[in-house]
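Please walk me through this structure, starting with the metal sites and then turning to the ligand and a few single residues. Plain prose will do.

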Amino acid sequence: MKCSKCGGRAVINMRQHRLRLCAEHFVEWFLAFAQRTIERYEMFAPTDKVLVAVSGGKDSLALWDVLLRLNYRAEGMYIGLGIDEGLGYSDKSLDMCRLFVRKHHPDAVLNIVDVEGEYGQAIPELARTHRRGQGKPCAVCGLVKRHIMNRIARDGGFAAIATGHNMDDEVAVLMQNTLHWQTGYLARQAPVLVERDGMARKVKPFVRFYERESAAYALVQGIDYIYDECPFAKGSTTNLYKELLNQLELNSTGAKQQFYLHFLSAREKGEVTFVETEPGQLQPCTRCSQPTTAGNLCAFCRLWE
Ligand code: AMP
Ligand code: FES
Ligand code: ZN
Ligand code: ZN
């Protein structure tokens with residue numbers, strides 16, 4: 001298999017782009033495509049401070065690497081969730097983030113928030129206390145992550161929070177939202193969520209990459225990452241949809257990309273319209289001052305009551 005640019009040995013074949021590239025040209029292409037995506041969706045400006053949410057996984061570490069190489073002012077933020085499950089999941093994830101800084105970008109700033117250290121309870125414990133989510137802490141975890149990301153972004157004067165979501169993640173969510181006709185979610189699913197009512201701007205610079213491409217980027221750049229996914233994500237519907245979509249992609253090259261991009265463009269052109277669910281009257285939480293519809297205390301602060 002030969003590189004489409006130089007005829008050297010290709011390390012990846014991206015059928016949906018009709019492109020085979022050697023390691024050197026793949027890195028060059030990957031950086032340029034990430035930059036084009038940031039500009040195309042007007043994610044942030046060259047002088048903006050960006051907060052990269054890093055989980056220790058391939059996507060978010062690759063994203064941080066890319067933003068630093070593109071000379072963005074990107075700081076990392078790791079949230080210690082205290083998930084162990086006999087795997088040392090959270091400890092290993094933090095180790096990977098630290099190793100990444102040491103090995104690849106020794107001057108980069110990594111902000112660390114340890115949930116148990118700062119608030120008194122780790123996620124699995126907290127979820128048990130509240131008996132939310134049928135034994136799975138994912139809902140509580142999502143709420144806590146959103147709150148902390150927002151707090152760090154606001155306090156640190158960051159223009160945006162960047163997450164490592166790739167196209168496979170987005171397409172799986174799109175499929176889920178479509179199968180259930182969750183029109184409120186379909187109205188909001190996008191590469192950029194604008195800042196609103198005290199909620200920080202959120203961007204996904206990897207939405208145009210398939211998961212295998214961000215994995216290949218991490219591999220080629222020698223970025224070590226945690227291979228395990230969160231032990232609570234096993235058997236999730238998102239994973240089922242990802243498998244189904246990959247099967248589809250095998251038989252129909254570019255199917256994932258088409259599904260996602262046609263959704264975005266149809267909505268952009270007004271060919272389809274989804275009505276957003278009104279958030280209701282927002283007011284600042286009396287304890288943390290983040291916006292809430294839930295009365296005096298926001299859902300996050302009520303967790304710790
Ligand atoms: P996930 O929901 O686990 O697929 O993660 C989606 C994105 O959220 C990742 O690409 C990261 O950008 C971010 N993220 C997930 N877990 C953490 C964490 N513990 N600390 C900081 N960011 C995270
Ligand atoms: Fe939060 Fe799995 S429950 S990452
Ligand atoms: Zn080449
Ligand atoms: Zn609050």
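The paragraphs below take the zinc sites, then ligand 1, then two further residues.

The model is predicted, and local features are described here where pLDDT is at least 70. A good place to begin is the zinc ion that is ligand 4. Four cysteine sulfurs coordinate this ion at 2.3 Å: the SG atoms of C285, C288, C298 and C301. The angles among the four donor atoms run from 107 to 114°, and the site of ligand 4 is tetrahedral. For reference, the ideal angle for four tetrahedral donors is 109.5 degrees. Along the chain, the donors of ligand 4 follow the spacing C-x2-C-x9-C-x2-C. C285 sits in the loop between β9 (283–284) and β10 (291–292), while C301 belongs to helix α12 (residues 299–303), so this pair ties together parts that are 16 residues apart in sequence. Both C285 and C301 are buried.

The other zinc ion to consider is ligand 3. Its protein donors are the SG atoms of C3, C6 and C22 together with ND1 of H25, and they lie 2.0 to 2.4 Å from the ion. The site of ligand 3 is tetrahedral, with angles of 97 to 114° among its four donor atoms. In sequence, the donor residues of ligand 3 are spaced C-x2-C-x15-C-x2-H. Two of these donors can be checked for burial, where the cut-off is under 20% relative accessible area. C22 counts as buried because its relative accessibility is 9%, and H25 counts as buried because its value is 14%.

Next comes ligand 1. Around ligand 1 there are 13 residues, of which A53, V54, M77, I79 and G164 come nearest. Three of these residues have backbone contacts to describe. For A53, a backbone N or O atom lies 2.6 Å from an oxygen atom of ligand 1. For G164, a backbone N or O atom is 3.0 Å from an oxygen atom of the ligand. For V54, the partner is a nitrogen atom of ligand 1, at 3.3 Å from a backbone N or O atom of the residue. Ligand 1 exposes 480 Å² when taken alone, and the protein buries 73% of that area. Two elements give two or more residues to the shell around ligand 1, namely β4 (73–80) and α6 (138–155). The largest share, three residues, comes from β4. By residue class, the shell around ligand 1 consists of seven nonpolar residues, five polar ones and one charged.

Two residues remain, and they can be set side by side. Is L219 buried or exposed? L219 is part of helix α9 (residues 211–220), and this residue counts as exposed because its relative accessible area is 68%, where the cut-off for exposed is over 50%. L219 and K58 are 161 residues apart in sequence, yet their C-alpha atoms are 8.9 Å apart in space.

Q189 lies in the loop between α8 (183–188) and β7 (192–193). Q189 is buried because its relative accessible area is 7%, which is under the 20% cut-off. What lies 2.8 Å from a polar atom of the side chain of Q189? The backbone oxygen of E170 takes that position.

Methods:
Residues numbered from 1 in each chain as written. Chains lettered and ligands numbered in written order. Predicted model: local features only at pLDDT ≥ 70, side-chain atom pairs only at ≥ 80, totals over all residues. Heavy atoms only, no water. Donors = N, O, S within 2.8 Å, 3.2 Å for Na, K, Ca; no water. Tetrahedral: all angles 85-135°; square planar, octahedral: opposite > 155°, others 65-115°. Helix = DSSP H or I, 4+ residues; strand = E, 2+ residues; numbered from the N terminus. Buried < 20%, exposed > 50% of the residue type's maximum accessible area, 1.4 Å probe, protein only. Near = heavy atom within 4 Å. Polar contact = N/O pair within 3.5 Å; in protein donor to acceptor, adjacent residues only side chain to side chain. Areas by Shrake-Rupley, 256 points an atom, 1.4 Å probe, with all protein chains shown as cover. Nonpolar A, V, L, I, M, F, W, Y, C, P; charged D, E, K, R; others polar.
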